[in-house]
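Colleague: I'd like to learn how to read a model like this one. Could you walk me through it, one feature at a time?

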Amino acid sequence: MQFNHANFAVADVRAAAEFFTRHFDFAVVGEAHDNFVVLAGEGGFVLNFMATGKAEASYHKNFHIGFFVGSVAEVRLKHAELVAAAYGPGEVQQFSRGGSRTTTFYCEAPGGFLVEVATTATDQAAAAGSVS
């Protein structure tokens, strides 16, 4: 069995699609007016956004989708990009997850759910070209 897609109910389909196409390199592969869009990302990851009507859907405060990048520098660059675009991401943090050191931040996407950008690479590993 293969994971196929994740579907999110959002009040503004176009805003959600723009966030992921502009900042996370997704491409629009299917669209039905303003009420539904299908986006494809790297590795075949598919996101669907479906209109909820007037109200935003309610997601659990810890619900999120995550993206891993190859270096601490990439985490910081994405953070700066989202700050400049006025999305207000949380601070970049470092902590341990199951023994691995992780550099990460979270940002609320249009639609009310969180997006995580993280790496387990260290500055030294990233400088040497190692990707975790």
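Modeller: Happy to. Let's begin with a loop: glycine 41 sits in the one that links strand E3 (36–40) to strand E4 (46–51). Keep in mind that this is a predicted model.

Colleague: Is glycine 41 buried or exposed?

Modeller: Glycine 41 has a relative accessible area of 16%, so it counts as buried; the cut-off for that is under 20%. For a sense of distance, take glycine 41 and lysine 61: they are 20 residues apart along the chain, and 24 Å separates their C-alpha atoms.

Colleague: E3 and E4 must have partners. How do I read a sheet?

Modeller: The general idea is that strands of a sheet pair through backbone hydrogen bonds, and they do so either parallel or antiparallel. Here, one open sheet has 4 strands in the order E1-E4-E3-E2, with mixed pairing. Strand E1 (6–10) and E2 are at its edges; each has a single partner strand, so one side of each has no neighbour in the sheet. From one strand to the next, the twist averages 25 degrees.

Colleague: How many bridges join E1 and E4?

Modeller: There are 5 bridges, and the two strands pair in the parallel sense. To find one of the pairs on screen, look for alanine 6, whose bridge partner in E4 is leucine 47.

Colleague: Which helix packs on that sheet?

Modeller: That's H1, which touches E1, E2, E3 and E4. The direction of H1 makes about 160 degrees with that of E4.

Colleague: Now the other sheet. What is its strand order?

Modeller: The order is E5-E8-E7-E6, again an open sheet of 4 strands with mixed pairing. Its edge strands, strand E5 (64–68) and strand E6 (93–97), each pair on one side only. The twist in this sheet averages 35 degrees from one strand to the next.

Colleague: And what packs on this one?

Modeller: Helix H2 (residues 72–84), which is in contact with E6, strand E7 (100–108) and E8. The direction of H2 makes about 15 degrees with that of E7.

Colleague: How does E5 fit in?

Modeller: E5 and strand E8 (residues 114–119) run parallel and are joined by 5 bridges. Histidine 64 has leucine 114 as its bridge partner in E8, and phenylalanine 68 is opposite alanine 118 of E8.

Colleague: What should I expect of the side chains on a strand?

Modeller: In a regular strand, side chains alternate between the two faces of the sheet. E5 shows that alternation: Ile65 and Phe67 point to one face and are buried, whereas His64, Gly66 and Phe68 point to the other and are not.

Colleague: Could you show me one residue in E7?

Modeller: Try threonine 102, which is found in strand E7. Its relative accessibility is 1%, so threonine 102 counts as buried. If you set aside neighbours within four places in sequence, threonine 102 is in contact with Gln93, Gln94, Phe95, Arg97, Ala118, Thr119 and Thr120.

Colleague: At what angle do the axes of H1 and H2 cross?

Modeller: The axes of helix H1 (residues 13–23) and H2 cross at roughly 140 degrees and come within 12 Å. That angle makes H1 oblique to H2. The crossing is right-handed.

Colleague: Which residues of H1 and H2 meet?

Modeller: Phe19, Arg22 and His23 in H1 meet Lys78, Glu81 and Leu82 in H2. Sorted by class, this contact has 2 nonpolar, 1 polar and 3 charged residues.

Colleague: One more feature, please: backbone angles. What do I look for?

Modeller: Most residues other than glycine have a negative phi. Aspartate 25 is not a glycine, yet it has a positive phi of about 60 degrees. Alanine 86, also not a glycine, has a positive phi of about 65 degrees.

Colleague: Where do I find aspartate 25 and alanine 86?

Modeller: Aspartate 25 is in the loop between H1 and strand E2 (27–31), and alanine 86 is in the loop between H2 and E6. Aspartate 25 has a relative accessible area of 65% and is exposed. Alanine 86 is exposed too, with a relative accessible area of 67%.

Notes. Residues numbered from 1 in each chain as written. Predicted model: local features only at pLDDT ≥ 70, side-chain atom pairs only at ≥ 80, totals over all residues. Heavy atoms only, no water. Pairing = 2+ DSSP bridges. Axes fitted to C-alpha atoms, helices over the stretch in contact; angles between N-to-C directions. Contact = heavy atoms within 4.5 Å. Parallel < 35°, antiparallel > 145°, perpendicular 65-115°, else oblique. Left-handed = near helix turned anticlockwise from the far one by under 90°. Nonpolar A, V, L, I, M, F, W, Y, C, P; charged D, E, K, R; others polar. Buried < 20%, exposed > 50% of the residue type's maximum accessible area, 1.4 Å probe, protein only.
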